[in-house]
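Reader: I am in my first year and still learning to read protein models. Could you take me slowly through the sheet in this one, strand by strand, and show me how its parts are joined?

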Amino acid sequence: MATFKTKTLYKCRDCAATSYQPVIDRGPSGALQATGQYRCGGCRNIFASIRAWWEPRRNPEFKPSVFQPSAFQPSSFSGLR
Ligand SMILES: [Zn+2]
C-alpha cells in the first residue's frame with residue numbers, strides 16, 4: 001500500500017532547505033503580524049514570497065520599463081487598403 005508523506009515539493013533555491021516560516025514583525029499598532037515575507041529555515045534569507053523562495057534565479061528578462069501604446073500606432077496600416 002502506498003503511503004503518502006506530506007512533504008513540500010518546494011525547497012530553497014539557495015540552500016535546498018524544505019522549510020520556511022513567515023516573517024513576523026511588529027506593525028504600526030504594536031501588534032505582531034505577518035509581513036507577508038518568508039524566511040528560509042536553512043539559510044535564513046528572507047524572501048518576498050514563497051515563490052521567490054523556491055523559484056530558481058533566472059537571468060532578468062529585458063523589458064522596456066515604459067510601454068507607450070501611443071508610440072505604437074500602426075500608421076502604415078492606413079496604406080494597406
Ligand atoms: Zn535557504
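**A close look at the sheet**

Author: From the N terminus on, the elements of the protein chain follow the order β-β-β-α, and what we are looking at is a predicted model. The protein chain therefore offers a short list to keep in mind, since its elements are 1 helix and 3 strands in the sense of DSSP runs.

The strands come together in an open sheet of 3 strands, arranged in the order E1-E2-E3 and paired in antiparallel fashion. Strand E1 (20–26) and strand E3 (46–47) stand at the edges, and because each has a single partner strand, one side of each is left without a neighbour in the sheet.

Let us begin with the pairing of E1 and E2. Strand E2 covers residues 32–40, and 6 bridges join E1 to this strand, the two running antiparallel. You can follow the pairing by taking its residues in turn: Tyr20 has Cys40 in E2 as its bridge partner, Gln21 stands opposite Arg39 in E2, and Asp25 has Gln33 in E2 as its bridge partner. As you read up the numbers in E1, from Tyr20 with its partner Cys40 to Asp25 with its partner Gln33, the partner numbers in E2 go down, as you would look for in strands that run antiparallel. Between E1 and E2 lie 5 residues, the two strands forming a hairpin, and in its turn Gly30 has a positive phi of about 90°.

Now move across to the other pairing of E2. Here 2 bridges join E2 to E3, and these strands also run antiparallel. Within this pairing, Tyr38 stands opposite Phe47 in E3. E2 and E3 form a hairpin as well, with 5 residues between the strands, and there Arg44 takes a positive phi near 70°.

It is also worth looking just outside the sheet, at Ala16, which is found in the segment before E1. Ala16 has 11 other C-beta atoms within 10 Å and is therefore exposed, the cut-off for that word being 12 or fewer. The C-alpha atoms of Ala16 and Gly41 are separated by 9.7 Å, although the two residues are 25 residues apart along the chain.

Finally, two figures describe the protein chain as a whole. Buried residues make up 5% of its 81 residues, and among contacts between residues at least 6 apart in sequence, 37% join residues at least 24 apart.

Terms used:
Residues are numbered from 1 along each chain as its sequence is written. This is a predicted model: local features need pLDDT of at least 70, side-chain atom pairs count only at pLDDT 80 or more; totals for chains, interfaces and linings use all residues. Helices (H or I, at least four residues) and strands (E, at least two) are DSSP runs, numbered from the N terminus. A residue is buried if 20 or more other C-beta atoms lie within 10 Å of its own, exposed if 12 or fewer, and partly exposed in between; C-beta atoms are placed from the backbone. Two residues are in contact if their C-beta atoms, placed from the backbone, lie within 7 Å. Two strands pair if DSSP finds at least two bridges between them.
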